[in-house]
Amino acid sequence: MASVGIRNVHKSFGAVEILHGVSIDIDDGEFVTLVGPSGCGKSTLLRMIAGLEGISRGEIAIGERVVNTVAPKERDIAMVFQNYALYPHMTVAENMAFSLMLKNAPKTERDQRVQRAAEILGLVPLLSRYPRQLSGGQRQRVAMGRAIVRDPQVFLFDEPLSNLDAKLRVAMRAEIKELHQRLKTTTVYVTHDQIEAMTMADKIVVMHDGNVEQIGRPLDLYDRPGNLFVASFIGSPAMNLLRGEVAVQSAPTFVGAGGVAIPLPAGSGVQHGQPVVLGIRPEHLKLSDQGFPVTVVVVEPTGSEIQIIGKTEGGEEIVANFRERHAFEPGETVRMSVEPNLIHLFHGETGQRLSS
């Protein structure tokens with residue numbers, strides 16, 4: 001195992017710069033997820049760690065060794081791809097042992113490592129099958145097994161669950177997390193699915209347009225997003241964001257379109273007339289006779305909770321989640337409020353988090 005150091009890394013394709021000075025420290029044994037929308041540069045960064053893409057500027061170190069010019073096969077990493085990349089003419093055992101065959105490892109060693117990985121992943125009954133005889137989840141486990149037999153310093157995962165159905169993604173997510181807890185190998189995992197990032201990672205790196213927006217533990221990013229992009233990206237359903245300004249009378253109050261008025265926490269450090277964006281997590285909204293009015297547009301019961309999508313009097317969309325089984329009807333108006341200490345405030349122009 002080894003740490004991974006990414007230091008002021010830039011990547012350009014011709015005159016187009018894709019990564020703009022990315023710096024990330026990944027500790028030995030840590031599970032780090034790179035998350036962001038398509039085109040943010042996360043897969044490009046992963047391929048640079050693997051040596052499949054060159055580095056325009058900056059440096060990447062695995063352990064104490066800078067690997068900018070080191071060939072991929074000499075970096076002691078193992079990569080699991082989105083499309084499995086299995087050899088169709090080889091059995092499961094042969095696919096898993098292939099990298100060891102290239103290293104001319106003794107057959108007894110190959111067999112022992114394959115058997116160990118197969119036991120970890122529940123593949124022992126499938127070792128004699130071919131990829132065409134496997135389900136999508138089984139193929140992905142074979143790809144993971146091929147990585148495990150190498151016993152690398154670093155695992156790299158490039159959106160490995162994208163081709164699986166929703167139920168299988170949940171199961172594989174748990175398997176990968178359990179695998180990391182067992183092996184303790186440094187892992188870098190790329191995904192655009194923030195639920196995967198939240199549930200699996202020790203640390204999340206949120207990327208956008210080739211920049212790192214915020215780095216932190218999953219719940220830290222959820223509870224204190226550093227800017228509007230992180231606030232809107234982390235969390236499902238996404239945080240409600242209302243634009244308005246501050247009115248300071250006896251106490252600071254957020255005033256939005258259509259007369260929406262929401263008390264702000266004391267010590268927010270805001271000034272009268274300051275433009276702000278107010279953020280509220282859907283689960284933090286509650287029904288209150290003293291709250292602001294919301295017209296119900298859509299009611300979505302999921303069983304464990306009821307989600308409603310509504311509109312404020314200013315026409316802004318509001319999403320709220322309730323554990324209680326309220327009998328909402330489309331078209332009715334309800335009043336909602338939020339505890340001041342659960343409010344998130346962002347600068348109206350820069351989008352950066354304010355003190356609350």
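## A tour of selected helices and backbone features

Begin by selecting helix α1, residues 42-50, which is mostly covered, since seven of its nine residues are buried. Keep in mind from the outset that this is a predicted model. To see which residues of α1 are the buried ones, pick out Lys42, Thr44, Leu45 and Leu46, and then add Met48, Ile49 and Ala50. Moving just past the end of α1, select glycine 51, where the backbone takes a positive phi of about 90 degrees.

Next, select two helices together, α2 at residues 92-102 and α3 at residues 107-121, and turn the view until both can be followed along their length. How do the axes of α2 and α3 cross? They come within 10 Å of each other and cross at roughly 130 degrees; angles over 115 degrees and up to 145 degrees fall in the oblique class, and α2 and α3 are therefore oblique to each other. The crossing in which α2 passes α3 is right-handed.

To look at the contact itself, show the side chains of Ala93, Met96, Ala97, Leu100 and Met101 in α2, which meet Arg110, Arg113, Val114, Ala117 and Ala118 in α3. Sorted by character, the residues of this contact comprise eight that are nonpolar and two that are charged, with no polar ones. When looking along either helix, it helps to remember that an α-helix has 3.6 residues a turn, so residues three or four places apart point the same way.

Stay in this region and select asparagine 104, which is placed in the loop between α2 and α3. Although asparagine 104 is not a glycine, its phi is positive, at about 60 degrees. Is asparagine 104 buried or exposed? Its relative accessible area is 66%, and because values over 50% count as exposed, asparagine 104 is exposed.

Now go back towards the start of the chain and select strand β1, residues 4-13, in which asparagine 8 lies. Asparagine 8 is another residue other than glycine with a positive phi, here near 50 degrees. With a relative accessibility of 44%, asparagine 8 counts as partly exposed.

For the last stop, select the loop between α8 (228-233) and β11 (240-248), where proline 237 lies. Which kind of peptide bond joins serine 236 and proline 237? Displaying the backbone of these two residues shows a cis peptide bond, with omega at about 0 degrees.

Note on methods
Residues numbered from 1 in each chain as written. Predicted model: local features only at pLDDT ≥ 70, side-chain atom pairs only at ≥ 80, totals over all residues. Heavy atoms only, no water. Axes fitted to C-alpha atoms, helices over the stretch in contact; angles between N-to-C directions. Helix = DSSP H or I, 4+ residues; strand = E, 2+ residues; numbered from the N terminus. Parallel < 35°, antiparallel > 145°, perpendicular 65-115°, else oblique. Left-handed = near helix turned anticlockwise from the far one by under 90°. Contact = heavy atoms within 4.5 Å. Nonpolar A, V, L, I, M, F, W, Y, C, P; charged D, E, K, R; others polar. Buried < 20%, exposed > 50% of the residue type's maximum accessible area, 1.4 Å probe, protein only.
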